[in-house]
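Biologist: Please take a careful, close look at one part of this model and set out what its geometry says.

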Amino acid sequence: ARPTTMEERTWSEASHTSEVLRRWAAKLVVFGFHGKQVDKHARKKIEQGCAGVVLFSRNVKDKEQVQELCAQLKQCARNRPLLIAVDQEGGRIARLNQGFTQVPTARVLGSTERAEAAAAAAGQVLGDELRAVHIDLDFAPVVDVDTNPNNPVIGDRSFGREASKVAKAGASFIKAMQARGVAACAKHFPGHGDTDVDSHLDLPRIPHTLERLEEVELPPFQAAVDAGVSTVMVAHVTVPAMQNQGENLPASMSPGAIKHLRETLGFKGVIVTDDLEMGAIAKHFTMQEAVVKGLEAGVDLFLVCHTEKLQDIAIEAIANAVESGRVPLQRVQDSAARIENLMHLYVKPATQSESQGKLRIIGSKEHRERIMQILADTI
């Protein structure tokens, strides 16, 4: 008989206890919670082993409070890293406002005479201020191309209507932010710019040919990958041109779309879903279906941003998929390894020395002047 492999031994050990499987599953989930202090919900999810937490405006009072909240969340994780994320794009999508520097929309940045420099300045300011409050990952920039004036969800969140401008500005933003110690995220792959349905409400469809996608939607993502972006967020949009025959799934659950991101664009980092509680998913799929199909497609990290019960269902769905043999344990471990690498690069402990004096940079004169200079250059 042949000797057992390491994978088989790991699987054999894990299969003895569903608790071990649930901890592996939790490594692939980022949760959200309500409130401005660490509550029972947040503590439980951290104890279960969730990879991280995403903050919203509901979690934020001011810079002092959010720094303390992030420090307490990380301390709850004890000896393991905890990823803290936020959507801080600038403009109307900014969860941190009170006392923080107000960064203009991507559209304003893209309309300046030196759009790449403006995007880099915004990335630096945001990166410095997020790092000061112990946030490790920013779900920004949006690298969708703003080609549809009827789009209800992207609009001024995009750097512009030309793929080349979006590609250059997005890459500059990413490099600047990551140089400041905060991971960036190119979103919403493979492009949410030419839709007339908001995926928060229902499931949009992008009907374009692959040739058109390669000309307009995809170049900014390729530029982001080439710039070393740490994470890419896959959208809840159907893209028939990228899907395998017979597929009718959003990109966040599509093997064809994920394969294109991995193999054609060459992305080796963490692939994260948009929030799985959005209408695009909730109206058409159960949480179990969305998570397991996403896992089978190649997604690494699942966002479940609001409801504790749904977060539990997501964790159980991953564990059950492995336990039943539908998904190999190695598939989960591969994603966990990519997430651990992201954490190694960007997650910092919230020690007193890391906190002390850092708040001064937030909303500082230097940062405000840098933003004023961007606005002065607006065409």
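Biologist: How many of the 18 residues of helix 6 are buried?

Modeller: This is a predicted model, in which local features need pLDDT of at least 70 and side-chain atom pairs count only at pLDDT 80 or more, whereas totals for chains, interfaces and linings use all residues. Residues are numbered from 1 along each chain as its sequence is written, and side-chain values use heavy atoms, with hydrogens and water left out.

In helix 6, 15 of the 18 residues are buried (under 20% relative accessible area, 1.4 Å probe, protein chains only), which leaves this helix mostly covered. Helix 6 (a DSSP run of H or I, at least four residues) covers residues 115–132, and its end C-alpha atoms lie 26 Å apart, in agreement with the 26 Å expected at 1.5 Å a residue (1.5 Å times one less than the number of residues). Just after helix 6, H134 adopts a positive phi of about 75°.

Elsewhere, helix 3 (residues 40–48) packs with helix 13 (residues 308–323) at an angle of about 10°, their axes (lines fitted to C-alpha atoms over the stretch in contact) being 11 Å apart. That angle makes helix 3 roughly parallel (under 35 degrees) to helix 13. On the helix 3 side, the residues in contact (heavy atoms within 4.5 Å) are H41, K44, K45 and Q48, and they meet E308, Q311, D312 and I315 of helix 13. By class, the residues of this contact divide into 1 nonpolar, 3 polar and 4 charged (Asp, Glu, Lys and Arg).

Note on methods
Helix = DSSP H or I, 4+ residues; strand = E, 2+ residues; numbered from the N terminus. Buried < 20%, exposed > 50% of the residue type's maximum accessible area, 1.4 Å probe, protein only. Axes fitted to C-alpha atoms, helices over the stretch in contact; angles between N-to-C directions. Parallel < 35°, antiparallel > 145°, perpendicular 65-115°, else oblique.
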